[in-house]
Amino acid sequence: MALLRGVWGVLSALGKSGADLCAVCGSRLRSPFSFAYVPRWFSSTLSGFPKKPMTSYVRFSKEQLPIFKAQNPDAKNSELIKKIAELWRELPDSEKKIYEDAYRADWQVYKEEVNRIQEQLTPSQMVSLEKEIMQKRLKKKALIKKRELTMLGKPKRPRSAYNIFIAERFQEAKDGPSQVKLKTINENWKNLSSSQKQVYIQLAEDDKVRYYNEMKSWEEQMVEVGRNDLIRRSMKHSAKNDTEKC
């Protein structure tokens with residue numbers, strides 16, 4: 001009933017039919033009812049706790065991405081997202097209102113669902129829920145941090161001898177399930193002689209040297225741009241000692 005009320009609220013606020021909306025937006029809407037988004041909320045492991053509904057822009061982007069992919073099959077997602085952002089900025093306020101109203105209606109339904117679930121939870125379930133939410137936040141924070149470091153060009157960590165061997169043989173392996181190929185490659189690694197493994201051990205040592213040199217250069221660049229928070233503790237300690245000696 002809550003979901004139906006949310007959808008009905010959108011329709012009432014807009015005062016238009018799906019056909020009218022499609023005529024106004026042209027190819028921007030994939031179907032007359034694409035604005036009536038039904039969120040996949042109940043994915044949490046704890047009593048189907050709802051996810052927050054997508055914002056108006058995120059909803060628009062998710063709707064447009066398949067269209068842009070079909071029109072530009074060789075383009076990268078980052079390029080497509082940039083084009084979608086430009087399209088959103090140019091979108092008339094009357095068309096943006098479709099997505100904004102849908103978001104507000106879903107947000108109201110979301111709040112109702114959250115209140116309903118919280119009223120049914122026992123104190124121990126509330127504690128479990130808070131822990132789960134905290135874990136998800138930490139996981140999301142770590143993911144954002146990883147993306148930031150990639151964007152800043154942080155060097156990749158050195159690979160082990162075993163990982164170098166896998167990467168080399170995986171490309172050479174015949175077509176087949178990845179698990180089967182990995183199992184075969186693992187057996188091949190075990191059957192290598194000490195002298196054969198030494199080749200990959202040396203490659204791993206060389207990769208450590210590469211990582212050390214690249215990290216030293218990268219951290220110097222981060223200091224120059226004021227990102228001391230990204231410097232390893234050992235490097236900070238070393239830099240402090242050098243300063244004191246001077």
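The legends below describe an overview and several close-up views of a predicted model.

**View 1. The whole chain is built from helices, with no strands**. The predicted model contains 10 helices and zero strands, and, read along the sequence, the elements follow the pattern α-α-α-α-α-α-α-α-α-α. Of the 246 residues in the chain, 28% count as buried, while the accessible surface comes to about 17,400 Å², with 55% of that area belonging to carbon and sulfur atoms. When contacts between residues at least 6 apart in sequence are considered, 67% of them join residues that are at least 24 apart.

**View 2. Confidence in the model, with residues 1-47 singled out**. The mean pLDDT of the chain is 77, and 74% of the residues reach 70 or more. Over residues 1-47, however, pLDDT stays under 50, although the model has 81 contacts beyond four places in sequence for this stretch. Where pLDDT is low, the predicted coordinates should not be read in detail.

**View 3. The aromatic pair of Trp88 and Tyr99**. A pair of aromatic rings is described by the distance of the centres and the angle of the planes. The structure holds 10 aromatic pairs, and one of them is formed by Trp88 and Tyr99, whose rings are 6.0 Å apart from centre to centre, with 75 degrees between the planes, an edge-to-face arrangement. The pair links distant parts of the chain, since Trp88 belongs to helix α4 (residues 77-90) and Tyr99 to helix α5, with their positions 11 residues apart in sequence. Both Trp88 and Tyr99 are buried. Together with Tyr57 and Phe60, Trp88 and Tyr99 make up one aromatic cluster.

**View 4. The surroundings of Tyr99, with Glu63 and Glu100**. The side chain of Tyr99 is also joined to that of Glu63, through a polar contact of 2.7 Å. Glu63 lies in helix α3 (residues 56-71), and Glu63 counts as buried because its relative accessibility is 4%, below the 20% that marks the limit for buried residues. Glu100, found in helix α5 (residues 93-120), has a relative accessible area of 28% and is therefore partly exposed. Glu100 and Phe60, a member of the aromatic cluster, are 40 residues apart in sequence, while their C-alpha atoms are 9.9 Å apart in space.

**View 5. The aromatic pair of Phe165 and Tyr200**. The ring centres of Phe165 and Tyr200 lie 5.2 Å apart and the ring planes stand at 90 degrees, so this pair is edge-to-face. Phe165 lies in helix α7 (residues 161-172) and Tyr200 in helix α9 (residues 194-224), so the pair ties together parts of the chain that are 35 residues apart in sequence. Phe165 is buried, with a relative accessible area of 0%, and Tyr200, at 8% relative accessibility, counts as buried as well.

**View 6. Lys181 over the ring of Phe170**. The charged end of Lys181 sits over the ring of Phe170, at 4.3 Å from the centre of that ring. Lys181 lies in helix α8 (residues 178-190), and, because its relative accessible area is 15%, Lys181 counts as buried. Lys181 and Ile166 are 15 residues apart in sequence, and the distance between them in space is 9.7 Å, taken from C-alpha to C-alpha.

**View 7. Gly153 in the loop between α6 and α7**. Gly153 is found in the loop that runs between helix α6 (123-151) and helix α7. With a relative accessible area of 42%, Gly153 is partly exposed. Gly153 and Trp218 are 65 residues apart in sequence, yet their C-alpha atoms are 7.9 Å apart in space.

Note on methods:
Residues numbered from 1 in each chain as written. Predicted model: local features only at pLDDT ≥ 70, side-chain atom pairs only at ≥ 80, totals over all residues. Heavy atoms only, no water. Helix = DSSP H or I, 4+ residues; strand = E, 2+ residues; numbered from the N terminus. Buried < 20%, exposed > 50% of the residue type's maximum accessible area, 1.4 Å probe, protein only. Phe/Tyr/Trp six-rings, centres within 6.5 Å; stacked < 30°, edge-to-face > 60°. Lys NZ or Arg CZ within 6 Å of the ring centre and 35° of its normal. Contact = heavy atoms within 4.5 Å. Areas by Shrake-Rupley, 256 points an atom, 1.4 Å probe, with all protein chains shown as cover. Polar contact = N/O pair within 3.5 Å; in protein donor to acceptor, adjacent residues only side chain to side chain. pLDDT = per-residue confidence, 0-100.
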